[in-house]
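Reader: I'd love a close look at one single part of this model, and then at what surrounds it. Please keep it friendly for someone who spends the day at the bench.

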Amino acid sequence: MNQQAMMRLKKMQKQMMEAQEKLEQTVFTGTAGGGMVEVSVKGTHEVVGIKIDPDALESKEDIEMIEDTIVAALNDANKKIEAESQKALGGFGGAGFGGLF
């Protein structure tokens with residue numbers, strides 16, 4: 001590998017690390033049940049908050065519905081993380097590292 005290719009590889013590696021760090025610090029919001037439940041999840045998949053609309057809890061029977069809605073909201077947030085990961089880091093993969101070689 002020549003020196004120019006090595007320099008481009010190091011630059012790309014630095015850009016990839018910066019994109020990964022930014023992604024990890026971003027908080028994604030997932031919602032379900034028409035906004036009944038909202039979750040906040042960092043790009044590292046760490047849950048940092050859950051909000052439940054107080055009007056959603058009228059009786060004890062509603063707890064199972066809320067639990068299912070929380071799961072749906074978490075899945076929604078995780079899909080957003082995956083989509084952003086593909087957008088932010090997808091350009092670093094593929095054959096030849098973006099024309100590097």
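**A threonine and its surroundings**

Author: Thr69 lies in helix H2; helices (H or I, at least four residues) and strands (E, at least two) are DSSP runs, numbered from the N terminus. Please keep in mind that this is a predicted model, in which local features need pLDDT of at least 70, side-chain atom pairs count only at pLDDT 80 or more, and totals for chains, interfaces and linings use all residues. Residues are numbered from 1 along each chain as its sequence is written, and side-chain values use heavy atoms, with hydrogens and water left out.

Thr69 counts as buried because its relative accessible area is 9%; buried means under 20%, exposed over 50%, and partly exposed in between (1.4 Å probe, protein chains only). Its side chain reaches the backbone oxygen of Met65 at 2.7 Å, which fits a polar contact (a pair of N or O atoms within 3.5 Å; within protein, one able to donate a hydrogen and the other to accept it, with residues adjacent in sequence counting only if both atoms are side-chain atoms). Leaving out residues up to four places away in sequence, Thr69 touches Ala32, Gly33 and Val37, where contact means heavy atoms within 4.5 Å.

Those neighbours lead us to the sheet. Ala32 belongs to the covered face of strand E1, together with Phe28 and Gly30, while Val27, Thr29 and Thr31 make up the uncovered one. In a regular strand the side chains alternate between the two faces of the sheet. Gly33 sits in the hairpin of E1 and E2, which has 4 residues between the strands, and takes a positive phi near 65 degrees. Val37 is part of strand E2, which covers residues 37-42.

Now step back to the whole sheet. It is open, with 3 strands in the order E1-E2-E3 and antiparallel pairing; two strands pair if DSSP finds at least two bridges between them. E1 and E3 are the edge strands, each pairing on one side only. From one strand to the next the twist averages 15 degrees. E1 and E2 share 6 bridges, and Thr31 stands opposite Glu38 in E2. E2 and E3 pair over 5 bridges: the partner of Glu38 in E3 is Lys51, and Ser40 stands opposite Gly49. In the E2-E3 hairpin, also with 4 residues between the strands, His45 takes a positive phi near 75 degrees. Gly49 itself counts as partly exposed, because its relative accessibility is 24%.

The helix that carries Thr69 lies across E1, E2 and E3, running at about 140 degrees to E1 (axes are lines fitted to C-alpha atoms, for helices over the stretch in contact, and angles run from 0 to 180 degrees between N-to-C directions). H2 (62-89) and E1 (27-32) are also among what covers the buried residues of helix H1. Those buried residues are Ala5, Met12, Ala19 and Leu23. At the N-terminal end of H1, Asn2 acts as a cap, with a side-chain oxygen 3.2 Å from the backbone nitrogen of Gln4.

Finally, a word on confidence. The protein chain averages a pLDDT of 86, and 90% of the residues score at least 70; pLDDT is the predictor's confidence in each residue, from 0 to 100. Over residues 95-101 it stays under 50. Where pLDDT is low, the predicted coordinates should not be read in detail.
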